[in-house]
Amino acid sequence: MSAPALSTRGLAKKFGSLVVASDIEIELPQGVRYALIGPNGAGKTTLINLITGMLRPDAGRILLDDADITMLPPDQRVRRGLVRTYQINSLFPHLTALESVTLAVCERTRAARIWWRQLPAYQHEIDEAYDILSALALAAVCHRLTRELAYGQQRLIEIALALATQPKVLLLDEPAAGVPREESKELFAAIAGLSGDITVLFIEHDMELVFRFATRVIVMVGGRVLVEGTPHEIASNPQVRAVYLGKATGKAMQEPRHG
Amino acid sequence: MALAEKVTSPQLYLQAQTRWRPVEIAFWLATLLPYVLFPNYLSLASQIAVTALFALSLDLILGYAGIVSLGHAAFFGVGAYTAGLLSKYGWGEPLTGLAMAALAAGIVGYATSFVICRFRHLALIMLTLGFGLLLTELANSAGWLTGGLDGLQGIHTWKLLGYFRFDLYGYAAYSYALAVLFALFLFARRIIHSPFGLSLRGIRENLIRMPAIGAPSRAHIRTIYTIAAAIAGIAGAVLAQTTETVSLDSLGFERSAEVVVMLVLGGTGRLYGGLVGAIIYMVARDQFSGVVPQYWYFWIGILLVAVVVFLPNGVLGGLAKIASRWSRP
């Protein structure tokens, strides 16, 4: 068996006395679709922030393809293929969709350092950006400013930006947050259609989507990994049921029975 | 928007955006008008061209990369003193003087960029302000070199290209300042239409997001800060060479603040904003100070408040809005 695409060893983080991550050990093999679930405040986004270097862990290690990246700055992790999206749109409001994605492509190919040649000369980069947008059904609006786009389209641009970096491991923080249910299925269909080489971990509250698109599920509670398993194992796990049924979100766990 | 329907390839669309627009060509042709219409104001025109170049350099960092600086005159001053000192101590050739000024200001810019690139917003304003004050006092205390409060005297600029003499009428001065402005404008235009220019806009739009697309934002900021410093240095050098004097206020706080005002007046992030702002500001100052010299800042205050309240994107932003309404059916 080859090394996992991404793994963490004993990852821990405290804000003052508040423990937001404690002894987190995960291993994500290449190409697997993982869902990360847990009640609000379980530390899901914090875990993504730790893995991508937006936060520095108090203890523990992060390994990408067996290389220790714990101390690397965020942009260098991206260059190595560890890429995230944001729960709340974090885009470039006054760039067009095409400019935004072209920017991300140019940063990857290092064309973004060039200030003595005009952008239109970079046909390869522009075409690649256009193809990414086309694949996400955004070609028709590619010359519109990002801020003028519909919310669901902006969520897709989040993903387009991530794809432009050619990720090996993609961490999606609630990719469908705020998107109507029908549209969020389309969005997840786009994610499911990604290359099988890419390892995907997504945070999602809608259990129907989780059970439909994830091959494995990690459950976090109170900054710890409670359990990891197939969707079926998770659904029938008494601990998980207790966590969810004990809270207001109890209804969520019943969704898969219908789905 | 009309362009989007005409061309299909995204590459052609982007190409169309880098093309020269008629209004740009008209603007540059209009810069030749002072020769014909205001031959008595050519020395004012050359100072406007210098100031416009200085404002252009600020636009590269403020308008494109979102770096607010209240100490940009530091580089202007370094350039001015470099060219002035070179000339005073025997080398008055203007073009090499510009090159040396660019180099000196660029080195100072590069050195400080390592601190600059780590900060944003208020901290950045304070940093640049402090840095500017520091340099002003340094120049003040080094009177043996800079002439201190009396200014640097004894500058003699050689004939431009060995032929054109800088005289009182200002023909050579304006032509020189305008040529340098135009050349560096072309340079700046090239930068903002490059992939690097796109990255700068990304930094301005969302600095936090940049590392998440793998962008080394700090390296980008260091590059543009150095380039902007060098251009500001060239602007200072042109002023030193054409007026044959350098005073402490060439790197003072007032000049730093003024150039921000001009850029905001004209409109940031448009290349032409600094140029238009410099023209409005300098002409207004010339006119108002002729009438009521002591109240000149009163009028510029009103102008500034009015522009910020009614034209948040500056004069050019306002014009662009009107133009886009007009062109839409």
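This is a short tour of chain A in a predicted model, ending at the side that touches chain B.

**The whole chain**

Start by selecting all of chain A, where you will find 10 helices and 10 strands. Along its principal axes, the C-alpha trace spans about 60 × 40 × 40 Å. The radius of gyration is 19 Å, which agrees with the value near 18 Å that a compact globule of 259 residues would have. Colour the chain by burial if you like: 46% of the 259 residues count as buried. Contacts reach far along the sequence too, since among those between residues at least 6 apart, 66% join residues at least 24 apart.

**The open sheet**

Next, select strands S6, S7, S8, S3, S9 and S10 of chain A, and follow them across in that order: these 6 strands form an open sheet with mixed pairing. At its edges you will meet S6 (82-84) and S10 (224-229), each of which pairs on one side only. Look along the sheet and compare neighbours; on average they are turned by 20° against each other, direction ignored.

Now zoom in on S3 (residues 33-37) and S8 (residues 199-203) of chain A, which run parallel and are joined by 4 bridges. A good place to pause is A:Tyr34, which stands opposite A:Leu201 in S8(A).

Then add helix H1 (residues 44-52) of chain A to the selection. H1 lies across S3, S6, S7 (169-173), S8 and S9 (216-221), and runs at about 145° to S7(A).

**Strands S1, S4 and S5**

Move on to S1 (residues 6-15) and S4 (residues 59-64) of chain A, an antiparallel pair joined by 5 bridges. Here A:Arg9 stands opposite A:Arg61 in S4(A).

From S4(A), step across to S5 (residues 67-68), which runs antiparallel to S4(A) and is joined to it by 2 bridges. A:Leu63 has A:Asp68 in S5(A) as its bridge partner. What do S4(A) and S5(A) form? They make a hairpin with 2 residues between them, and A:Asp65 in the turn has a positive phi of about 50°.

**The side that touches chain B**

Finally, show chain B as well: 39 residues of chain A are in contact with 28 residues of chain B. On the chain A side, select H2 (74-79), H3 (97-109), H4 (123-135) and H5 (151-164), the elements that give two or more residues. Which of them gives the most? That is H3(A), with 8 residues. Colour this side of chain A by residue class, and you will find 24 nonpolar, 7 polar and 8 charged residues.

Technical notes. Residues numbered from 1 in each chain as written. Chains lettered and ligands numbered in written order. Predicted model: local features only at pLDDT ≥ 70, side-chain atom pairs only at ≥ 80, totals over all residues. Pairing = 2+ DSSP bridges. Axes fitted to C-alpha atoms, helices over the stretch in contact; angles between N-to-C directions. Contact = placed C-beta atoms within 7 Å. Nonpolar A, V, L, I, M, F, W, Y, C, P; charged D, E, K, R; others polar. Rg over C-alpha atoms; globule rule 2.2 N^0.38 Å. Buried ≥ 20, exposed ≤ 12 C-beta atoms within 10 Å, placed from the backbone.
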